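Reader: I have the model open and would like to go through it with you. Could we take it piece by piece, beginning with a single residue?
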Amino acid sequence: MAQSSVITTTKIRPTIDKVLVEKSKRKLYLMSGRNVIKTYNISLGKKPVGPKVMEGDKRTPEGLYWIDWRKQSDKFNLAMHISYPNSRDVVQAKKQGVSPGSMIMIHGTPIDQEYPEWYFRGLNWTDGCIAMMNWDMKEVWSLVKDGTLIEIRP
């Protein structure tokens with residue numbers, strides 16, 4: 001009597017230990033060690049060049065931060081908070097006598113009858129956050145855990 005064997009394969013997802021953002025390329029990379037696991041197109045603040053200096057400057061921060069909490073947002077669907085400002089940002093803002101701001105997030109796009117999701121593709125439209133298409137944000141939400149390092153480069 002012949003024996004049959006069943007081979008099952010389980011797709012193991014690598015652990016995402018870093019999120020890398022390259023503002024000049026408008027790209028977000030999910031990293032495992034030195035390997036890029038996935039790449040996404042992003043939108044930035046309305047003034048995308050240069051680091052965030054103060055609240056209301058419409059710039060996206062640059063530096064090392066953490067994904068420290070997340071929420072489902074009525075305005076932007078899924079949202080993951082970035083631990084901006086870090087101590088360096090606070091010192092820089094204090095030197096200039098301004099507030100560094102806060103509530104910088106990676107988030108999706110609004111669901112809006114007047115402006116469909118495709119309208120936001122390639123447009124720098126946030127107040128300093130990093131925005132993604134909702135289907136991309138859903139995937140990032142599932143792969144990136146709270147406590148993950150995020151590096152935002154110029």
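Reader: Where is the place of Thr 109?
Author: Thr 109 sits in the loop between E6 and strand E7 (130-131), where helices (H or I, at least four residues) and strands (E, at least two) are DSSP runs numbered from the N terminus. This is a predicted model, in which local features need pLDDT of at least 70 and side-chain atom pairs count only at pLDDT 80 or more, while totals for chains, interfaces and linings use all residues. Residues are numbered from 1 along each chain as its sequence is written, and side-chain values use heavy atoms, with hydrogens and water left out.

Reader: Is Thr 109 buried or exposed?
Author: Thr 109 counts as buried because its relative accessible area is 1%; buried means under 20%, exposed over 50%, and partly exposed in between, with a 1.4 Å probe and protein chains only.

Reader: And what does Thr 109 touch?
Author: Not counting residues up to four places away in sequence, Thr 109 touches Phe 76, Asn 77, Glu 117, Phe 120, Trp 125, Met 132, Met 133 and Asn 134, a contact being heavy atoms within 4.5 Å.

Reader: Let me change topic to pockets. How much space lies in the largest pocket?
Author: The largest pocket holds about 410 Å³. On a 1 Å grid over the protein atoms alone, a pocket is an open set of points where a 1.4 Å probe fits, with protein on both sides within 12 Å along at least five of seven lines, and lining residues have an atom within 4 Å of a point. Grid points are joined across faces, edges and corners, and the volume is the space filled by probe spheres set on them.

Reader: Which residues are the closest to its centre?
Author: Of the 21 residues lining the largest pocket, those closest to its centre are Phe 76, Met 103, His 107, Asp 127 and Cys 129. Strand E4 (63-73) and strand E6 (105-107) are the elements that give two or more residues to that lining.

Reader: What about the backbone of Met 103, then: what is its phi?
Author: Met 103 has a phi near 55°, which is positive in a residue other than glycine. Met 103 lies in the loop between H1 and E6 and, at a relative accessible area of 40%, is partly exposed.

Reader: Which other residue has a positive phi although it is not a glycine?
Author: Arg 26 does, with a phi of about 55°; Arg 26 is in the loop between E1 and strand E2 (27-32) and is partly exposed, its relative accessible area being 25%.

Reader: Where is there a cis peptide bond?
Author: A cis peptide bond joins Tyr 84 and Pro 85, with omega about 5°, and Pro 85 belongs to the loop between strand E5 (77-82) and helix H1 (87-96).

Reader: Back towards the N terminus, what is Leu 20 in contact with?
Author: Leaving aside neighbours within four places in sequence, Leu 20 is in contact with Lys 27, Leu 28, Tyr 29, Met 31, Glu 151 and Arg 153. Leu 20 is in strand E1 (residues 18-22), and it is buried because its relative accessibility is 8%. Leu 20 and Ile 152 are 132 residues apart in sequence, yet 6.1 Å apart in space, C-alpha to C-alpha.

Reader: Finally, how do the elements run along the chain?
Author: From the N terminus on, the order is β-β-β-β-β-α-β-β-α-β, with two helices and eight strands. Buried residues make up 44% of the 154 residues, and the C-alpha atoms fill a box of roughly 85 × 40 × 25 Å along the principal axes.
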